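Dear colleague,

Please find below the structure that I agreed to pass on to you. My notes on what was found in it follow directly after.

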Amino acid sequence: MSSCKRGKRKPLKHPKKQAKEIDKEDKAIKQKQKEEQKKLKALKVNATGKGPLATGGIKKSGKK
């Protein structure tokens with residue numbers, strides 16, 4: 001019998017990531033970014049509901 005094992009190999013274990021210490025300033029910055037993203041999403045929803053912004057009028061073909 002062969003001592004070679006076949007099948008799936010287990011992935012290598014990576015060390016666990018250490019928890020980062022979050023300062024009050026970092027929390028405030030993240031909170032501001034979240035609020036800005038919410039505002040941008042709301043603006044996008046409002047803008048898409050109105051339809052096309054610039055219309056060129058009736059397009060004429062080159063044929064008569």
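A surface patch, as the term is used here, is made of residues with over 30% relative accessible area and no salt bridge, and like charges are joined within 9 Å. Please bear in mind that this is a predicted model.

Under that definition, Glu-21, Asp-23, Glu-25 and Asp-26 form a negative patch on the surface. One of these residues, Glu-25, belongs to helix 1, which covers residues 24–49. Glu-25 counts as exposed because its relative accessibility is 61%, and the cut-off for that class is over 50%.

There is also a patch of positive charge on the surface, where Lys-17, Lys-20, Lys-30, Lys-34 and Lys-38 gather. Among them, Lys-38 is likewise found in helix 1. With a relative accessibility of 63%, Lys-38 counts as exposed.

As to the fold, the chain contains one helix and zero strands. Helix 1 is made up of 26 residues and spans 38 Å between its first and last C-alpha, close to the 38 Å expected at 1.5 Å a residue. The number of buried residues among the 26 of helix 1 is zero, so the helix lies largely in the open.

For the chain as a whole, 0% of the 64 residues count as buried, where buried means under 20% relative accessible area. The accessible surface of the chain is about 8,200 Å², and carbon and sulfur atoms account for 55% of that area.

With kind regards

Key
Residues numbered from 1 in each chain as written. Predicted model: local features only at pLDDT ≥ 70, side-chain atom pairs only at ≥ 80, totals over all residues. Heavy atoms only, no water. Patch = residues over 30% accessible without salt bridge, like charges linked within 9 Å, V, L, I, M, F, W, Y side chains within 5 Å. Areas by Shrake-Rupley, 256 points an atom, 1.4 Å probe, with all protein chains shown as cover. Salt bridge = Lys/Arg side-chain N within 4 Å of Asp/Glu carboxyl O. Lys, Arg positive; Asp, Glu negative; His and termini not counted. Charge placed at Lys NZ, Arg CZ, Asp CG, Glu CD. Helix = DSSP H or I, 4+ residues; strand = E, 2+ residues; numbered from the N terminus. Buried < 20%, exposed > 50% of the residue type's maximum accessible area, 1.4 Å probe, protein only. Expected span 1.5 Å × (residues − 1).
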